[in-house]
Amino acid sequence: DEIAEIGDDKDAIYVNPRHAQDGYEIVNSRKKPSMPCLGFGTWGVEQFSAELLARSVDTALKVGYRHLDCARVYANEKEIGNVISDHLRNGTFTRDELFITTKLFNNEHAPPDGAPLRALETSLKDLKLDYVDAFLIHWPFR
């Protein structure tokens, strides 16, 4: 294995992943989870239907991807949630083996009326998940 020590911190050791399921340990996390080094993006570029993206996600999960990069603004989280739910029900993997990212879109940054919380709750409902592993600001401009 290729190991690299970063900076002066001799306690921080990083192993370069060799497989899609291998991951980078998230050092500053309370539970020290691992983030798969290879992720599958779900943006359809407005050229692909939500159904086609869901079929693509299904294939990606079948071949070993465990990191999905989602966003409510892509308008396909319900379909992707159905795929994830089917795989969880069929035992393809456990929830702990997945790393799911979703994003807060530009018009949802402002806390009045709880917009960020509503956005997260909607994504959780659509993805049929109790939690996501990363909830990112899509981009910082409003």
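Buried means under 20% relative accessible area, exposed means over 50%, and partly exposed is what lies in between, using a 1.4 Å probe and protein chains only. With that in hand, welcome to a predicted model, in which local features need pLDDT of at least 70, side-chain atom pairs count only at pLDDT 80 or more, and totals for chains, interfaces and linings use all residues. Residues are numbered from 1 along each chain as its sequence is written, and side-chain values use heavy atoms, with hydrogens and water left out.

**View 1. The whole chain holds three helices and eight strands.** Helices (H or I, at least four residues) and strands (E, at least two) are DSSP runs, numbered from the N terminus. Starting at that end, the elements follow the order β-β-β-β-β-α-β-α-β-α-β. Of the 142 residues in the protein chain, 34% are buried. Contact means heavy atoms within 4.5 Å. Among contacts with a separation of 6 or more, 61% are between residues 24 or more positions apart.

**View 2. Four strands form an open sheet in the order β5-β6-β7-β8, with parallel pairing.** Two strands count as paired if DSSP finds at least two bridges between them. At the edges are β5 (39–41) and β8 (134–137), each of which pairs on one side only. On average, neighbouring strands of this sheet are turned by 25° against each other, direction ignored. Such angles run from 0 to 180 degrees between N-to-C directions, and axes are lines fitted to C-alpha atoms, for helices over the stretch in contact. Look next for β6 (residues 67–69) and β7 (residues 99–104), which pair in the parallel sense over three bridges. One place to look is L68, whose bridge partner in β7 is I100. Helix α3 (residues 115–127) packs on the sheet and touches β7 and β8, and its direction makes about 140° with that of β7. Strand β7 is largely enclosed by the rest of the structure, because six of its six residues are buried.

**View 3. H67 sits in strand β6.** Its relative accessibility is 8%, so H67 counts as buried. Leaving aside residues up to four places away in sequence, H67 touches M35, P36, L38, G39, F40, F99 and T101. With T101, the side chain of H67 also forms a side-chain polar contact of 3.3 Å. A polar contact is a pair of N or O atoms within 3.5 Å; within protein, one must be able to donate a hydrogen and the other to accept it, and residues adjacent in sequence count only if both atoms are side-chain atoms.

**View 4. Helices α1 (residues 50–62) and α2 (residues 77–90) pack at an angle of about 30°, with their axes 8 Å apart.** The two helices are therefore roughly parallel to each other. Angles under 35 degrees count as roughly parallel, over 145 as roughly antiparallel, 65 to 115 as roughly perpendicular and the rest as oblique. The crossing of α1 and α2 is right-handed, a label used if the near helix is turned clockwise from the far one by less than a right angle, with anticlockwise giving left-handed. On the α1 side, the contact is made by A50, E51, A54, V57, D58, L61 and K62, and on the α2 side by E79, I80, V83 and H87.

**View 5. A50 in helix α1 and H87 in helix α2 offer two closer looks.** A50 counts as buried because its relative accessibility is 15%. Not counting residues up to four places away in sequence, A50 touches A75, N76 and E79. The C-alpha atoms of A50 and E79 are separated by 6.5 Å, although these residues are 29 apart along the chain. H87, at 5% relative accessibility, counts as buried too. With the same sequence neighbours left out, H87 touches D58, L61, K62, T92 and F93.

**View 6. R89 is a residue of helix α2.** At 57% relative accessibility, R89 counts as exposed. The side chains of R89 and D86 make a polar contact of 2.3 Å.

**View 7. A75 lies in the loop between β6 and α2, and K128 in the loop between α3 and β8.** Most residues other than glycine have a negative phi. A75 is not a glycine, yet its phi is positive, near 60°. K128 is not a glycine either, and has a positive phi of about 60°. A75 counts as exposed, at 60% relative accessibility, whereas K128 counts as partly exposed, at 47%.
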